[in-house]
Amino acid sequence: MRLSEFSTMFSRPKLFAALSAGVALLLLVAVGIYGLATGPRQPEPPAATTAQTADPTPTAPGAPTEQPDSDVRQPVVPPVERSADPETFARNVATALFEWDTASGLMPLDYTSALLDVSDPAGAEQAGLASDVATYLPTREAWTQLRQHSTRQQGLMQEQVTSDV
């Protein structure tokens, strides 16, 4: 190959563009390898606060309460109890759905997750169920407004008394 053919085939703009693309590709590969080598960043633990939240789990009168290692207690979502009896299970689900407390420190999504944990183990209908449950609970914005007043909903599931006449 002659020098004149080489200079026409690779002009300065083409050579500069190829060199720039090569450098960019090398930088991209280097950053990718570095990212794979270091792995994902670990989140920093939240700073400890001195405020204490109320424990929503009931205790028997006179029963000693255990103090956690730290000063901060995290709110606990009331679990939905499983039952082989369909009526009892439906009552437990309804209680979990319609009895909530904005002052507990929980959000509507916490109550929804407790219901999704026991409702559909296969996960086939979880999206529809989550959408249905969301219509029964206040929205996140409404929840924050209700929290200012420590709003609680409870007692909707009363025992049904039937009498044989």
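Two rings of Phe, Tyr or Trp (for Trp, the six-membered ring) count as a pair if their centres lie within 6.5 Å. With that rule in hand, a search of the whole structure, which is a predicted model, finds three aromatic pairs. A pair of aromatic rings is described by the distance of the centres and the angle of the planes, and both values are given below for two of the pairs.

In the pair of F98 and Y136, the ring centres are 5.5 Å apart. The planes of F98 and Y136 meet at 85 degrees, and because an angle over 60 degrees counts as edge-to-face, the pair takes that name. The two residues belong to distant parts of the chain, 38 residues apart: F98 sits in helix α3 (residues 86-98) and Y136 in helix α5 (residues 126-136). F98 has a relative accessible area of 23%, so it is partly exposed, as the cut-off for buried is under 20%.

The rings of Y111 and W143 offer another geometry. Their centres lie 5.8 Å apart, and their planes stand at 50 degrees, so this pair is tilted. Here too the pair links distant parts of the chain, with Y111 in helix α4 (residues 108-119) and W143 in helix α6 (residues 140-147), 32 residues apart. Both Y111 and W143 are buried. Ring pairs also bring in W100, giving a cluster of W100, Y111 and W143. Leaving aside residues up to four places away in sequence, W100 touches Y111 and W143 together with L137, P138, L146, T151, R152 and Q153.

The cluster leads on to the nonpolar core. W100, Y111 and W143 are among the 12 residues of the largest nonpolar core, which also holds V80, A96, L97, L106, M107, L115, V118, V133 and L137. Helices α3 and α4 each supply at least two residues of this core. Its largest share, three residues, comes from α4.

Helix α4 also packs against α5. The axes of these two helices come within 10 Å and cross at roughly 140 degrees, and the crossing is right-handed. On the α4 side, the contact is made by T112, L115, L116 and S119, and on the α5 side by Q126, L129, A130 and V133. Five of the contact residues are nonpolar and three are polar, while no charged residue takes part. Two names in this contact may look familiar: L115 of α4 and V133 of α5 are also listed in the largest nonpolar core.

Note on methods
Residues are numbered from 1 along each chain as its sequence is written. This is a predicted model: local features need pLDDT of at least 70, side-chain atom pairs count only at pLDDT 80 or more; totals for chains, interfaces and linings use all residues. Side-chain values use heavy atoms; hydrogens and water are left out. Rings of Phe, Tyr and Trp (its six-membered ring) pair if their centres lie within 6.5 Å; planes under 30 degrees apart count as stacked, over 60 as edge-to-face and the rest as tilted. Helices (H or I, at least four residues) and strands (E, at least two) are DSSP runs, numbered from the N terminus. Buried means under 20% relative accessible area, exposed over 50%, partly exposed in between (1.4 Å probe, protein chains only). Axes are lines fitted to C-alpha atoms, for helices over the stretch in contact, and angles run from 0 to 180 degrees between N-to-C directions. A crossing is left-handed if the near helix is turned anticlockwise from the far one by less than a right angle, and right-handed if clockwise. Contact means heavy atoms within 4.5 Å. Ala, Val, Leu, Ile, Met, Phe, Trp, Tyr, Cys and Pro count as nonpolar, Asp, Glu, Lys and Arg as charged, and the others, Gly among them, as polar. A nonpolar core is a set of buried Ala, Val, Leu, Ile, Met, Phe, Trp, Tyr and Cys residues joined through side-chain atoms within 4.5 Å.
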